[in-house]
Amino acid sequence: MHKGIGGIVKLSLAVIAKDETNQIDRIIHDYVQYFDELAFAIDDKKVFEDFSKAYKKIPKIRFYNYELSDEEKSFGRIF
């Protein structure tokens, strides 16, 4: 068990963002106070780089570049 806010369990929010990157700032603003970590997987490299740079001084907010698998590409969305 990981210790987090007030010595309780560490709580993380994970988001896979595809075509909804305009919501990332809102999600951060609305939920940052409730979680020990916010993790975003972003499929657009430029958006990933922009957000990584914008929030680099806030260690509890993390961004990961997500590449769609061939199966996801052929299906047209993330499962």
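This briefing walks through the salt bridges of the structure above and the helices and strands around them. The model is a predicted one. A search of the whole structure turns up three salt bridges. Two of the pairs to look for are Asp30 with Arg26 and Asp50 with Lys46, while Glu37 and Arg62 form another.

**The salt bridge in helix H1**

- Asp30 and Arg26 form a salt bridge, and their closest N and O atoms lie 3.2 Å apart.
- Both residues belong to helix H1, which covers residues 24-31, and because they sit four residues apart they are separated by about one helical turn.
- Asp30 is partly exposed, at a relative accessible area of 31%.
- Arg26 also counts as partly exposed, with 40% relative accessibility.

**The salt bridge in helix H2**

- In the pair Asp50 and Lys46, the closest N and O atoms of the salt bridge are 3.0 Å apart.
- Helix H2 (residues 45-54) holds both partners, four residues apart, or about one turn of the helix.
- Asp50 is partly exposed at 40% relative accessible area, whereas Lys46 reaches 53% and counts as exposed.
- Lys46 has another polar partner at the start of H2: a side-chain oxygen of Asp44 comes to within 3.0 Å of the backbone nitrogen of Lys46.

**The salt bridge between strands**

- The side chains of Glu37 and Arg62 meet at 3.1 Å, N to O, in a salt bridge.
- This pair links distant parts of the chain, with Glu37 in strand S2 (residues 37-42) and Arg62 in strand S3 (residues 61-65), 25 residues apart.
- Is Glu37 buried or exposed? Glu37 is buried, because its relative accessible area is 15% and the cut-off for buried is under 20%.
- Arg62, on the other side of the bridge, is partly exposed, with a relative accessible area of 39%.
- Leaving aside residues up to four places away in sequence, Glu37 touches Lys10, Leu11, Ser12, Leu13, Lys60 and Arg62.
- One of these contacts, Ser12, stands opposite Glu37 in S2.

**Strand S1 and its pairing**

- S1 and S2 run side by side in the parallel sense, paired over six bridges.
- Side chains in a regular strand alternate between the two faces of the sheet.
- S1 shows this alternation: Leu13, Val15 and Ala17 point to one face and are buried, while Ser12, Ala14 and Ile16 point to the other face and are not buried.

**The buried faces of the helices**

- Ile24, Ile27 and Ile28 are buried in H1.
- Viewed down the axis of H1, its buried residues fall within an arc of 100 degrees, so they line one face of the helix.
- The buried residues of H1 pack against strand S1 (12-17), S2, H2 and S3.
- Which residues of H2 are buried? They are Val47, Phe48 and Phe51.
- The buried residues of H2 also fall within an arc of 100 degrees when seen down the helix axis, and therefore line one face of H2.
- These buried residues of H2 pack against H1, S2 and S3.
- Turned away from the buried side, the other face of H2 carries the exposed residues Lys46 and Lys53.
- Lys46 thus appears twice in this picture, once on that exposed face and once as the salt-bridge partner of Asp50.

Methods
Residues numbered from 1 in each chain as written. Predicted model: local features only at pLDDT ≥ 70, side-chain atom pairs only at ≥ 80, totals over all residues. Heavy atoms only, no water. Salt bridge = Lys/Arg side-chain N within 4 Å of Asp/Glu carboxyl O. Helix = DSSP H or I, 4+ residues; strand = E, 2+ residues; numbered from the N terminus. Buried < 20%, exposed > 50% of the residue type's maximum accessible area, 1.4 Å probe, protein only. Contact = heavy atoms within 4.5 Å. Arc of directions from axis to C-beta. Pairing = 2+ DSSP bridges. Polar contact = N/O pair within 3.5 Å; in protein donor to acceptor, adjacent residues only side chain to side chain.
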